[in-house]
Amino acid sequence: MTVTTAPTKTPPADPAALHEAVIAWFEEHARDLPWRRPEAGAWGVMVSEFMLQQTPVNRVLPVYAQWLERWPTPAALALEAPGEAVRAWGRLGYPRRALRLHAAAVAIHERHGGQVPRRHEHLLALPGIGEYTAAAVASFAYGQRHPVLDTNVRRVFARAVTGTQYPPSATTAAERRTARELLPQDEARAAHWAAATMELGALVCKSATPVCAACPIAASCAWRLAGSPAHTGPPRRTQTYAGTDRQVRGRLLAALRDSPTPLPQSTLDKTWHDPVQRARALDTLVADGLVEPLTNGVYRLPQTREPGTTEAPPQ
DNA sequence: AATCCGTGGTC
DNA sequence: TGACCAAGGAT
């Protein structure tokens with residue numbers, strides 16, 4: 001017999017049935033997260049998305065609440081010194097995100113009349129917003145129809161559609177096509193689908209310990225139907241932390257965060273034993289704009305605007 | 001495209 | 001106990 005077409009994968013279950021099952025599950029099991037409440041607004045959604053980049057929900061919750069209370073609008077944050085954003089970021093990790101969120105607030109203040117832009121293209125142009133975050137804000141804050149491909153959704157699709165335990169290390173064109181083809185036509189339904197597939201990945205289709213017994217689409221899951229085969233191919237590399245520059249940067253920045261006043265070099269020296277690595281870490285912090293050097297070897301969190309932003313000092 | 005960028009919880 | 005993992009982005 002001749003194969004005239006080239007179906008590469010198991011035919012996906014009826015998309016409409018998938019949509020219905022996952023969205024119904026979501027309506028029953030979705031967590032009541034503050035950024036999902038109507039009063040969060042687009043700014044609340046955007047702040048949450050920045051904080052949730054590579055940081056678990058439970059650690060974001062308290063910082064998110066303090067942040068929105070202090071800076072309820074983009075303009076409020078834009079008028080602050082960037083160092084205050086870095087300080088308020090606390091121990092969420094990857095503090096460059098705080099700087100980027102501040103810079104995004106400045107851009108929104110200057111270019112968008114203080115309103116978080118609706119258009120995906122404009123969102124994508126903001127600092128700290130990439131393909132995922134632009135789609136997430138457009139979808140969750142404004143109810144638009146965009147493929148939202150985060151690590152959760154990629155894992156759900158890898159298993160349910162492709163039949164592999166894990167998605168590829170980097171997002172592929174095939175994944176984007178799958179996400180696009182599976183996106184419901186109806187705009188509001190597409191936004192619910194995006195949130196629902198993310199939640200399914202976070203609560204049920206988890207990376208190390210999937211709870212297939214609780215999965216609404218287990219019966220049609222390609223990975224399960226294939227016998228839940230283990231990952232094949234090169235081992236997925238996990239990044240080390242202890243002893244790296246990242247750890248040193250973390251020490252240095254923690255000291256500066258916890259001090260209301262600038263710190264002398266001698267104090268920073270106590271945060272790490274190796275002077276070479278210490279100096280390198282401090283250099284990169286300054287280069288990143290996370291630390292501001294003063295004269296006489298004194299350092300503080302940045303009080304001046306990031307380069308590239310306009311300055312309008314009151315005289 | 002591979003690497004860098006924090007932090008802390010989980011099993 | 002240490003590897004794995006968490007709603008990525010920039011270069």
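These legends go with close-up views of a predicted model.

This being a predicted model, local features need pLDDT of at least 70 and side-chain atom pairs count only at pLDDT 80 or more, while totals for chains, interfaces and linings use all residues. Residues are numbered from 1 along each chain as its sequence is written, chains are lettered from A and ligands numbered from 1 in the order written, and side-chain values use heavy atoms, with hydrogens and water left out.

**View 1. Residues around DNA strand B.** Here are the 17 residues near the strand (a heavy atom within 4 Å of it). Arg59, Arg91, Pro95, Tyr241 and Arg249 come nearest. Sugar and phosphate make up 58% of the strand B atoms that come within 4 Å of the protein.

**View 2. Polar atoms against DNA strand B.** An N or O atom in the Arg59 side chain sits 2.8 Å from a base oxygen. Gln54 uses a polar backbone atom, 3.1 Å from a base nitrogen. For Arg249, a polar side-chain atom is 2.3 Å from a phosphate oxygen.

**View 3. Trp35 against Tyr64.** Their ring centres are 5.1 Å apart with 80° between the planes, making an edge-to-face pair (centres within 6.5 Å, planes over 60 degrees apart). Trp35 counts as buried (under 20% relative accessible area, 1.4 Å probe, protein chains only) because its relative accessibility is 9%. Tyr64 is buried too, at 4%.

**View 4. Phe157 with Trp193.** This pair is stacked (planes under 30 degrees apart), since the planes meet at 20° with centres 6.4 Å apart. Both residues are buried.

Methods
A polar contact is a pair of N or O atoms within 3.5 Å; within protein, one must be able to donate a hydrogen and the other to accept it, and residues adjacent in sequence count only if both atoms are side-chain atoms. Rings of Phe, Tyr and Trp (its six-membered ring) pair if their centres lie within 6.5 Å; planes under 30 degrees apart count as stacked, over 60 as edge-to-face and the rest as tilted. Buried means under 20% relative accessible area, exposed over 50%, partly exposed in between (1.4 Å probe, protein chains only).
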